[in-house]
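Please look at the sequence and the structure together. The paragraphs that follow go through the chain part by part.

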Amino acid sequence: MPGMKPGPDSFGIVAVSHGCRGVAARACGLVNLEPTKIVEILKDRPSWFRDCRSLEVFTMLPAGNGGTIELVYMQMYAPTTLVPARDFWTLRYTTTMEDGSLVVCERSLSGSGGGPSTASAQQFVRAEMLPSGYLVRPCDGGGSIVHIVDHLDLEAWSVPEVLRPLYESSRVVAQKMTTAALRHIRQIAQETSGEVVYALGRQPAVLRTFSQRLSRGFNDAISGFNDDGWSVMAGDGIEDVIIACNSKKIRSNNTAPNAFIAPGGVICAKASMLLQSVPPAVLVRFLREHRSEWADYNFDAYSASALKSSSCSLPGLRPMRFSGSQIIMPLAHTVENEEILEVVRLEGQALDEGLLSRDIHLLQFCTGLDEKSMGSCFQLVFAPIDELFPDDAPLISSGFRVIPLDMKTDGAPAGRTLDLASSLEAGSTTLQASGGADDCNLRSVLTIAFQFPYEMHLQDSVATMARQYVRSIVSAVQRVSMAISPSRSGLNAEHKIISGFPEAATLARWICQSYRFHLGVELFRQADEAGESLLRMLWDHEDAILCCSFKEKPVFTFANEMGINMLETSFVALQDLSLDKIFDEAGRKALYSEIPKLMEQGFVYLPGGVCLSGMGRHVSFENAVAWKVVGEDNNVHCLAFCFVNWSFV
């Protein structure tokens, strides 16, 4: 490639085509592996290409120079519920050059009727692979220079017009296939050299398998192939949520011989919708960090209980609730942090005194959390696991996928979330909405899929439950989308939310007046400000200011921007955090010892120390002050705290 000068620190160059038939991308990079190992990995597409459902070699024939010719049938998953999957029928040639380079060339066979004629093939649209392949050259000092070319015609005509960018963008192919291949072999190279360190003493290959199984289970749920046992159930007249059931006794992802077997089967509730002016990375990060905003703890408990027993009982029979606390424990990440694998512990609380509280553990896979990420897919996929977390743990995947669309036409009004499933018709539908072109680069399609095990006699009840639950999640995502949509005025999402409540300005005035009354000094230099201006000053204050309810168990009700950053939460999720949760035992004792003084004189100074964010991270602060916030009725409405010079430890 022109200008390519690979060196020890060179990862590679990726180029995309803009004028060819179909979509095409090519890449070149230096990888510290031998050519034969690299070719072996790249030919095993399902191991690194997450959209590849299966690859089967039907025939292998010897060729000259020790080469081989193979007839290959490959199936790809559908990225969303709104489009059919793709398959390929190709000829693949592998040979060795005189200089020791290995070459793999592949292209589709002519005609659309070749390949397997199974019933499952009816769910696929036959796509075409134009000349593609790999050239792997050995380097004198070790390692190899890898050239990759991907050139596909994905038959974009067969999908709704609004979704055609997914099939007409060479950038998408470059990210999903070409770059993914380079990243994968680079990851293997670093693991082989011992550069990668993982948690819990797990081998890299084991953790990588967990990510692949989570992804595959989620893809299976979205595509719902008949030969996997999936069938669509009758709806309730509103086709916003698709309900499919799999009545086979399914081993989790068909990988572990002793994996859990669902007693009746699995119900999947899934939906897709268009998001307008919602940054995908921000949305996925919010869903990850603020689970209580959209999830119901009882449904997590229901799915988790199926792992430990041979029967499933409907949610509500053992009333529990999510305490608001989740602890995220990192397991592994890829070299460039584009993929993260982690364990999440949700702390449960029993609503009845006679019941024991029960924590839930989830294995979670995330992609595209970085707001600057240019990825083609942003995902949050999880499955309940046993706390012992064996290597063959069964996984029933659920989650979210956001795929950006490079739209060039006007879109819907900014911040709106639209349902596509009931209004799109393949090949002919256009979105009838008005909007500005400035929002077009933020258009994306969101796919939600949740799976629930069921017993045969509870199939209809679980299906109804799953449909209602996913509808509630869709509503929650709509609310979140409105909140995090970029503001035309330049204010951030959190400030937009508090500005929408008239009582926020009143609270800001009470906070400042009470501070002046109790401490005898002004909280701000410009104390004569009022209304929205005072609220803005409070929001922009350099220290973390938090308010909690004046109750037996204080929960946070307000925070400025620095306070939200310190707690690693959001304004809408503040109420999930209580005052005692951000202090360890020593911190709580120190705080409680000062409560009588706070009640008597109205304020108290707290020495420097360490507290905890909502994500469990340690936060140090130089000192703090707490005071009673009194309203115009002379009643104490809340307690305010100001943490000075805080930082993450």
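Helix 4 is mostly covered, with 14 of its 20 residues buried. Buried here means under 20% relative accessible area, exposed means over 50%, and partly exposed lies in between, with a 1.4 Å probe and protein chains only. Helices (H or I, at least four residues) and strands (E, at least two) are DSSP runs, numbered from the N terminus. Helix 4 covers residues 204-223 and reaches 28 Å from its first C-alpha to its last, close to the 28 Å expected at 1.5 Å a residue. That expected span is 1.5 Å times one less than the number of residues in the helix. Just after helix 4, G224 takes a positive phi of about 55°.

The model is predicted: local features need pLDDT of at least 70, side-chain atom pairs count only at pLDDT 80 or more, and totals for chains, interfaces and linings use all residues. Residues are numbered from 1 along each chain as its sequence is written, and side-chain values use heavy atoms, with hydrogens and water left out.

One residue of helix 4 can be followed further. N219 has its place in helix 4 and is buried, with a relative accessible area of 1%. Not counting residues up to four places away in sequence, N219 touches R50, Y77 and R401, where contact means heavy atoms within 4.5 Å. N219 and S398 are 179 residues apart in sequence, and their C-alpha atoms are 9.6 Å apart in space.

The whole chain can now be set around this helix. The chain has 12 helices and 26 strands, and buried residues make up 54% of its 649 residues. Among contacts between residues at least 6 apart in sequence, 64% join residues at least 24 apart. The predictor's confidence in each residue is given by pLDDT, from 0 to 100. The chain averages a pLDDT of 79, and 77% of the residues score at least 70. Over residues 1-11 pLDDT stays under 50, and the model has 22 contacts beyond four places in sequence for them. Over residues 407-441 pLDDT also stays under 50, and there the model has 78 contacts beyond four places in sequence.

Strand 16 (residues 360-367) is mostly covered, as 8 of its 8 residues are buried. In a regular strand the side chains alternate between the two faces of the sheet. I360, L362, Q364 and C366 point one way from strand 16, while H361, L363, F365 and T367 point the other way, and all are buried. Strand 16 pairs with strand 17 (residues 378-385) in the antiparallel sense over 7 bridges; two strands pair if DSSP finds at least two bridges between them. In strand 17, Q379 is the bridge partner of T367.

Later in the sequence comes strand 25 (residues 636-644). Of its 9 residues 7 are buried, so strand 25 is largely enclosed by the rest of the structure. Which strands pair with strand 25? Strand 21 (residues 544-549) does so in the antiparallel sense over 6 bridges, and strand 24 (residues 618-630) is joined to strand 25 by 8 bridges, also antiparallel. C638 in strand 25 is the bridge partner of S549, and V629 stands opposite C638. The hairpin of strand 24 and strand 25 has 5 residues between the strands, and in it N634 takes a positive phi near 65°.

V555 is found in the loop between strand 21 and strand 22 (556-559). V555 is partly exposed, with a relative accessible area of 28%. Leaving aside neighbours within four places in sequence, V555 is in contact with C547, C548, S549, Q575, L577 and S578. The C-alpha atoms of V555 and C638 are separated by 9.8 Å, although these residues are 83 apart along the chain.

A residue earlier in the chain is D87, in strand 5. D87 is buried, with a relative accessible area of 2%. Its contacts, not counting residues up to four places away in sequence, are Y73, M74, Q75, F124, V125, R126 and A127.
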